[in-house]
Each structure stands twice: as C-alpha cells, then as structure tokens.
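Reader: I would like to learn how to read a structure like this one, feature by feature. Could you take me through it, giving the general idea before each case?

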Amino acid sequence: MKKSRLKQAITSKQADIAARLRKVRLNRKLSLQDVSSLIGMSKVTLSRYETMDIVNIPFDKIEALAKIYHVTPAYLLGWDSFSSSLEMAEVQGYPESEQVLIEKYRFLSREGQKTIDAILDLQYKLACKIKSSSPNDEAD
C-alpha cells in the first residue's frame with residue numbers, strides 16, 4: 001500500500017481525492033504549471049497532491065482548485081458524484097462544447113456575463129434575420 005510523505009498509509013478516500021484532482025486538471029487541459037500560476041502555489045506541491053505525497057490538503061487550496069477547475073469542492077472531496085451541474089447536463093445529453101461554454105460563463109464576473117449576454121443577443125438577432133431572409137426557408 002502506498003504511503004504519504006509522513007509514512008502514513010493512504011486511505012481510499014485520499015486516493016480518490018488525488019485521482020479527482022488529476023482527472024479534472026487533465027479534463028480542463030491544464031498543466032501543473034498552468035494551475036500553479038493561477039493559484040500561486042508551486043507545481044511540485046500540486047503534483048504531490050495528485051500523487052498522494054501530500055494527503056492533508058488545506059481546504060482553502062481545495063476551494064481555489066475547485067474554482068479553477070470549475071467544479072465544486074464537494075466533488076473534489078468525493079462528497080458529490082457530479083463535479084458540477086453541467087456533469088448532470090451531460091447525462092441529459094448536452095454536447096461537451098455547450099457544457100464548457102456554460103462553465104466558462106459561470107466563472108465570469110457579473111460584468112463579464114453581461115458582456116457575453118449582449119454579444120450573444122446581437123449574434124442571435126443576426127442569425128434570425130439571416131434565416132428569415134433565406135429563400136430556402138420560404139418553401140418550408
């Protein structure tokens with residue numbers, strides 16, 4: 001059985017947390033260097049979290065990692081089976097590309113969300129205008 005740097009046996013819960021940390025980082029296509037820059041922690045420490053060399057991760061670090069990874073702290077700690085409401089959406093059939101967009105949107109400040117809303121409204125109106133003026137649609 002693997003042991004932590006403190007030479008204590010690793011529990012299955014600790015192994016699960018380490019696996020989740022690595023899984024969500026890789027799913028987000030982030031390197032250890034990317035995350036270390038965002039969170040202000042050394043990439044060695046982050047690697048030790050993922051390899052179970054460090055198993056007692058401070059909660060403020062769990063919260064920061066969850067925010068960067070767009071998941072809940074409860075997911076990282078194994079308290080919730082869905083990493084986010086979007087993982088539930090995946091089960092309901094939303095494409096991954098739409099899930100990523102929603103996750104990014106939720107990560108933005110309120111001002112950033114308002115900017116995206118305005119851009120989306122303009123693009124939607126343009127798409128509707130083009131569609132209504134298309135000669136192929138008149139035959140339907």
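**The core and its surroundings**

Author: The largest nonpolar core has 20 residues, and those with the most contacts inside it are Leu 21, Tyr 49, Leu 65, Tyr 69 and Leu 76. At least two residues of this core come from each of α1, α2 (32-39), α3, α4 and α5 (73-76), and the largest share, 5 residues, is supplied by α4. Please keep in mind throughout that this is a predicted model.

Reader: What general idea lies behind looking for such a core?

Author: In soluble globular proteins, nonpolar side chains tend to be buried together. In this case Leu 76 is a useful residue to follow, as it is one of the core residues with the most contacts inside the core. Leaving out residues up to four places away in sequence, Leu 76 touches Ile 17, Arg 20, Leu 21, Val 24, Ile 62, Leu 65, Ala 66 and Val 71.

Reader: How many helices and strands make up the secondary structure of the protein?

Author: The secondary structure comes to 9 helices and 0 strands, and along the sequence the pattern reads α-α-α-α-α-α-α-α-α. Of the 140 residues of the protein, 28% count as buried. Among contacts between residues at least 6 apart in sequence, 47% join residues at least 24 apart.

Reader: Where in the protein is the confidence lowest, and where is it highest?

Author: Confidence is lowest in helix α6 (residues 85-91), with a mean of 53, and highest in α3, at 94. For the protein, the mean pLDDT is 82, and 81% of the residues reach 70 or more.

Reader: Let us turn to empty space. How many cavities of 30 Å³ or more does a search of the whole structure find, and what is the idea behind such a search?

Author: Rolling a probe the size of a water molecule over the atoms shows where empty space is left. Here the search finds 2 cavities of 30 Å³ or more, and the largest has a volume of about 40 Å³. Its lining is formed by Gln 14, Ile 17, Ala 18, Tyr 49, Met 52, Ile 54, Val 55 and Ile 57. Helix α1 (residues 12-27) gives the most to this lining, with 3 residues, and by class the lining of the largest cavity has 7 nonpolar, 1 polar and no charged residues.

Reader: Which residues line the second largest cavity?

Author: The second largest cavity, which holds about 30 Å³ of space, is lined by Leu 21, Leu 46, Tyr 49, Glu 50, Leu 65 and Tyr 69. Two or more residues of that lining are given by each of α3 (43-50) and α4 (59-69), with the largest share, 3 residues, coming from α3. By class, there are 5 nonpolar, no polar and 1 charged residues in the lining of the second largest cavity. Leu 21, Tyr 49, Leu 65 and Tyr 69 appear in this lining and are also among the core residues with the most contacts inside the core.

Reader: Now for the backbone. What should I know about the sign of phi before I look at Met 52?

Author: Most residues other than glycine have a negative phi, and most peptide bonds are trans. Met 52, although not a glycine, has a positive phi of about 70 degrees. This residue sits in the loop between α3 and α4, and Met 52 is also part of the lining of the largest cavity.

Reader: Is Met 52 buried or exposed, and why?

Author: The cut-off for buried is under 20% relative accessible area, so Met 52, at 17% relative accessibility, counts as buried. A second case is His 70, in the loop between α4 and α5, which has a positive phi of about 60 degrees although it is not a glycine. His 70 is buried too, because its relative accessible area is 17%.

Reader: Finally, what does helix α8 show, for example at Gln 113 and Ile 116?

Author: Gln 113 is found in helix α8 and is buried, because its relative accessible area is 13%. Not counting residues up to four places away in sequence, Gln 113 touches Tyr 105, Arg 106 and Leu 108. Ile 116 also lies in helix α8 (residues 110-133), but at 37% relative accessibility Ile 116 counts as partly exposed. Leaving aside neighbours within four places in sequence, Ile 116 is in contact with Tyr 105 and Leu 108. From C-alpha to C-alpha, Ile 116 and Tyr 105 are 7.9 Å apart in space, and they are 11 residues apart in sequence.

Definitions and conventions. Residues numbered from 1 in each chain as written. Predicted model: local features only at pLDDT ≥ 70, side-chain atom pairs only at ≥ 80, totals over all residues. Heavy atoms only, no water. 1 Å grid on protein atoms, 1.4 Å probe; cavity = no way out; pocket = protein on both sides within 12 Å on 5 of 7 lines; lining within 4 Å. Points joined across faces, edges and corners; volume = space filled by probe spheres on them. Helix = DSSP H or I, 4+ residues; strand = E, 2+ residues; numbered from the N terminus. Nonpolar A, V, L, I, M, F, W, Y, C, P; charged D, E, K, R; others polar. Buried < 20%, exposed > 50% of the residue type's maximum accessible area, 1.4 Å probe, protein only. Contact = heavy atoms within 4.5 Å. pLDDT = per-residue confidence, 0-100. Core = buried A, V, L, I, M, F, W, Y, C linked by side-chain atoms within 4.5 Å.
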